[in-house]
Every structure is written in structure tokens, then in C-alpha cells.
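Work through the exercises below with the model open. Each one sets a task and then solves it in steps.

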Amino acid sequence: MTTRSWRTVAVVAGWQAAVSLCYYALFSATTYFRGEFGLSRTLIGVLTAVATLGYTLNLFPSGAAVDGFGERRVMLVAVGGLAVSAALIGLAPTPLVLFAAAFLLGVSYAPGMPASNRAILSSAPSGKGSSAMGLKQVGVTAGSGAASLLVAGVAALATWRWGFGAIAALAGGYALVFAVSYEGTSGSGEWTLPDVRAFSQNRAYVLVVLAGLFVGATIFTTVGYTLLYADELLNFSPVAAGVVLAAVQAAGSAGRLGAGSLADRLGGGARAAATVTGGQAAVATGAFTLLGVGAIPRPVALAALLVLGVSILGSTGVYYSCLTALVPREEVGAASAGGQTAINVGGLFFPPAFGYLADTVGYGAGWLLLAGCAGLLVVVLAAVRRSVGRGV
């Protein structure tokens with residue numbers, strides 16, 4: 001049985017950082033993919049959508065595996081698959097192989113949220129669920145920020161391909177650490193896909209899943225295009241643009257820690273988490289609008305990007321705290337898969353749309369699209385608060 005302690009939470013957060021290091025390396029190399037494979041901005045969006053598609057298709061099977069066999073075994077398989085996928089991206093000779101490796105990367109990353117959410121619920125100290133979830137979610141931004149620095153740093157010395165090799169080696173090494181550091185919890189012993197009809201009767205849960213669509217639209221697109229925006233519009237070098245993306249991710253880490261702590265201070269539970277997430281979405285709406293109004297000075301654009309890190313990239317910890325507070329613990333894996341599926345649907349459609357707007361109209365139109373998504377997120381989360389408040 002997993003011990004409830006901050007040490008165990010840290011082990012899970014480390015696992016989340018290792019798998020995110022692999023997955024988000026794809027977003028950290030967009031400039032290099034454009035240069036080597038001649039991909040347009042629209043095709044960059046399609047590439048991220050292909051990875052998201054693999055991620056999405058494997059979510060419910062992964063959630064069922066977590067609930068059936070426990071999270072530890074699934075987490076070990078996932079980090080191994082991600083290490084292999086990252087290595088394949090580094091070796092890809094053609095765009096077709098690159099897209100295939102990106103799809104496999106997404107498939108391997110799918111167990112991440114169902115498994116790690118269950119692990120956090122089993123290991124968080126009493127009364128610190130949102131803070132623990134926020135710390136775990138820092139693993140996402142820490143891993144992706146490290147991927148930006150690692151890919152850019154290795155590319156400056158040699159080639160971006162070696163960066164993916166280093167990432168694969170680091171993930172494989174942490175798999176060994178995790179295997180001896182985390183005990184895990186048992187499952188039902190059976191692999192069965194969830195009965196989603198039962199979830200559909202929970203109005204608050206359905207609204208949180210709907211909110212996930214706009215969370216995914218804003219997060220995946222922001223992460224997918226910050227590097228190119230800094231390179232092409234703000235006139236940073238590819239290496240400096242990688243540092244900008246890492247800084248935005250670091251701001252996201254701070255946001256996740258702060259949001260989780262604030263939700264706990266507000267009393268915890270779904271209502272407090274929805275309140276904090278809604279506030280972050282409102283701030284993000286303003287930052288996206290600022291980026292979309294036209295030419296703005298570089299310092300202002302950088303400040304807006306950092307605000308997006310703290311706000312929208314910093315919102316997933318409390319988003320998952322809200323979602324998991326609405327379902328029984330034995331159904332957390334499947335319920336997390338439902339929320340993540342909605343997030344991924346946003347990641348499937350909006351990055352290509354943003355890329356198309358950037359190619360045909362300009363980046364400003366793309367940022368305004370995301371401002372609209374963030375505004376709708378505020379509206380949906382307000383409805384979540386009302387539903388939870390009425391006990392619906």
C-alpha cells in the first residue's frame with residue numbers, strides 16, 4: 001500500500017516530469033522540424049494533432065488498465081514507451097516517420113493523467129489534495145521546460161536529434177528509479193472499459209469535461225506555437241526562443257503550485273478548484289487578447305506569454321482536483337480519461353486552426369481565437385460552481 005507522504009508525492013511528480021520531458025520535446029523542436037523537413041505552420045499544427053490523436057485514442061483503454069491493474073505497472077510501461085518514441089523521433093529520416101513516431105509518442109503518454117491522478121489521490125497527505133495535485137502537475141511544466149532547454153542546448157552544440165537521444169536516456173533512467181521507489185495500489189483485477197453513461201448523469205462532471213475542451217485548446221496551442229511566435233514574430237534565435245518557452249513553462253509551474261495552495265485555502269473540493277481555475281481563465285483571456293491586438297513591443301509580448309504560463313498553463317492541477325472530487329475514488333482512472341479526452345479534443349482541432357490563421361491572416365488572429373476559448377472556459381466554470389453549490 002502506498003504511503004501518504006510528500007516524499008511519495010515527489011516520486012510521482014518526478015515520474016510526471018520524466019514522461020512530460022519526452023512528450024513535450026515534440027513541441028520544443030518545432031523550429032527544427034520546419035527547417036529540416038520543410039513543414040508549414042499548418043503542418044506543425046497537424047503534427048501536434050497527430051500526437052494528440054494517439055494520446056486520445058489510448059485514454060479510455062489506459063484508464064481502464066489503471067482501475068483494473070493498479071497504476072504502478074501502467075506507469076512503468078508508459079515511461080518505457082515514451083523513451084522509445086523519443087528515440088525514434090531523433091532518428092526519423094522523413095516527415096512520414098516523424099509523424100508516425102509522434103503518434104506513438106501520444107499513445108505512450110496516454111496513461112499519464114489517469115495513472116498519476118490515482119497515484120496522487122493515494123499518496124497525498126490528508127487535506128492537501130489540491131496542493132499535491134498541483135505539485136504533480138508541476139512535473140508537466142518542469143518536464144516540458146527542461147525539454148525546451150535540452151533540445152535547444154544540444155542543438156546549439158551538435159544537432160536537435162541528439163537532444164532527443166538524451167531525453168530518451170533520461171526517461172529510461174527514471175523508469176528504474178520509479179520501479180524501486182513507488183509501491184502503488186491494487187486494482188479490481190479486471191480490464192473493463194468504463195460505463196460512461198453513469199458519468200453522464202453527473203451534471204457537474206459533464207460541465208467539467210466540457211471545460212476541458214477549452215483547457216486543451218488553449219494549453220496545447222500555446223505550448224505548440226510559443227516557440228515559433230518567439231522565433232518568427234519576436235525575432236529571437238531558435239535557441240533563445242527555446243529559453244522563452246522554458247520560461248513560460250516555469251511560470252506554469254509556479255501557477256500550478258500557487259493555484260493548488262489557493263484552492264486548499266478556500267476549503268478544497270470541486271467548488272474551490274473551479275473558482276481558482278475560472279479566475280486563471282479570466283486572466284488568460286486578457287493576455288491572449290493583448291497578443292492578438294496587433295504589433296506590441298517585445299517586452300510586452302514576453303510579459304503576456306509569462307502571464308499565460310501562470311494562468312492557463314498553471315490551471316491543470318486545480319482542473320483535475322475539481323474533476324476527481326466529483327467521482328468515487330475507484331473510478332478516478334476512467335473519470336480522468338474522460339476529462340483528458342475532452343482536453344485532447346481541444347488539442348486536436350485548435351492547433352491546426354491556429355496554424356492556418358497564422359499562415360493566412362497572421363498570429364494576431366490565432367491569439368484572438370484562443371482569447372475566445374479562454375472566455376468560454378470562464379463561462380463553463382461558472383456553471384460548474386453553480387452546479388456544485390446546488391449539489392447537482
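How many nonpolar, polar and charged residues does the lining of the largest pocket have? The lining has 8 nonpolar, 8 polar and 4 charged residues. Keep in mind throughout that this model is predicted.

**Exercise 1. Describe the largest pocket.**

Step 1. Start with the volume. The largest pocket takes up about 320 Å³.

Step 2. Count the wall. The lining is made of 20 residues. Nearest the centre of the pocket lie Leu121, Lys128, Gly129, Ser130 and Ala325.

Step 3. Assign the wall to elements. Two or more lining residues come from each of α8, α9, α14 (269-292) and α16 (316-324). Helix α9 gives the largest share, 3 residues.

**Exercise 2. Describe how α8 packs on α9.**

Step 1. Choose the descriptors. Two packed helices are described by the angle between their axes and the distance between those axes.

Step 2. Read them off. Helix α8 covers residues 112-123 and helix α9 covers residues 129-157. The angle is about 145°, and the axes are 10 Å apart.

Step 3. Give the handedness. The crossing of α8 and α9 is right-handed.

Step 4. List the contact. From α8 come Met113, Ser116, Asn117 and Ile120. From α9 come Ala132, Met133, Lys136, Gln137 and Val140.

Step 5. Sort by class. The contact of α8 with α9 has 5 nonpolar, 3 polar and 1 charged residues.

**Exercise 3. Find the enclosed space and its wall.**

Step 1. Recall the probe. Rolling a probe the size of a water molecule over the atoms shows where empty space is left.

Step 2. Count cavities. The structure holds 1 cavity of 30 Å³ or more. The largest cavity contains about 120 Å³ of space.

Step 3. Identify the wall. There are 13 lining residues, and Tyr24, Met113, Thr316, Gln340 and Ile343 are the closest to the cavity centre. Met113 also belongs to the contact of α8 with α9.

Step 4. Name the elements. At least two lining residues each come from α9, α12 (203-232), α16 and α17 (332-360).

Step 5. Sort by class. The cavity lining divides into 9 nonpolar, 3 polar and 1 charged.

**Exercise 4. Compare the settings of two threonines.**

Step 1. Place them. Threonine 31 sits in helix α3 (residues 30-37). Threonine 316 sits in helix α16.

Step 2. Are they buried or exposed? The cut-off for buried is under 20% relative accessible area. Threonine 31 has 12% relative accessibility, so it counts as buried. Threonine 316 has 7%, so it is buried too.

Step 3. List contacts, leaving out residues up to four places away in sequence. Threonine 31 touches Leu227, Leu228, Asp231 and Pro238. Threonine 316 touches Gln137, Val215, Ile219 and Arg256. Gln137 is also one of the α9 residues in the contact with α8.

**Exercise 5. Classify asparagine 235 by backbone and exposure.**

Step 1. Recall the usual sign. Most residues other than glycine have a negative phi.

Step 2. Check the residue. Asparagine 235 has a phi near 65°, a positive value.

Step 3. Locate it. Asparagine 235 lies in the loop between α12 and α13 (238-265).

Step 4. Test exposure. The cut-off for exposed is over 50%. Asparagine 235 has 58% relative accessibility, so it counts as exposed.

**Exercise 6. Place alanine 100 and relate it to alanine 246.**

Step 1. Locate it. Alanine 100 is part of helix α7 (residues 95-109).

Step 2. Classify it. At 47% relative accessibility, alanine 100 counts as partly exposed.

Step 3. Relate the pair. Alanine 100 and alanine 246 are 146 residues apart in sequence. Their C-alpha atoms are 26 Å apart in space.

Terms used: Residues are numbered from 1 along each chain as its sequence is written. This is a predicted model: local features need pLDDT of at least 70, side-chain atom pairs count only at pLDDT 80 or more; totals for chains, interfaces and linings use all residues. Side-chain values use heavy atoms; hydrogens and water are left out. Helices (H or I, at least four residues) and strands (E, at least two) are DSSP runs, numbered from the N terminus. Buried means under 20% relative accessible area, exposed over 50%, partly exposed in between (1.4 Å probe, protein chains only). Contact means heavy atoms within 4.5 Å. Axes are lines fitted to C-alpha atoms, for helices over the stretch in contact, and angles run from 0 to 180 degrees between N-to-C directions. A crossing is left-handed if the near helix is turned anticlockwise from the far one by less than a right angle, and right-handed if clockwise. Ala, Val, Leu, Ile, Met, Phe, Trp, Tyr, Cys and Pro count as nonpolar, Asp, Glu, Lys and Arg as charged, and the others, Gly among them, as polar. On a 1 Å grid over the protein atoms alone, a cavity is a set of points where a 1.4 Å probe fits but cannot get out, and a pocket is an open set with protein on both sides within 12 Å along at least five of seven lines; lining residues have an atom within 4 Å of a point. Grid points are joined across faces, edges and corners, and a volume is the space filled by probe spheres set on the points.
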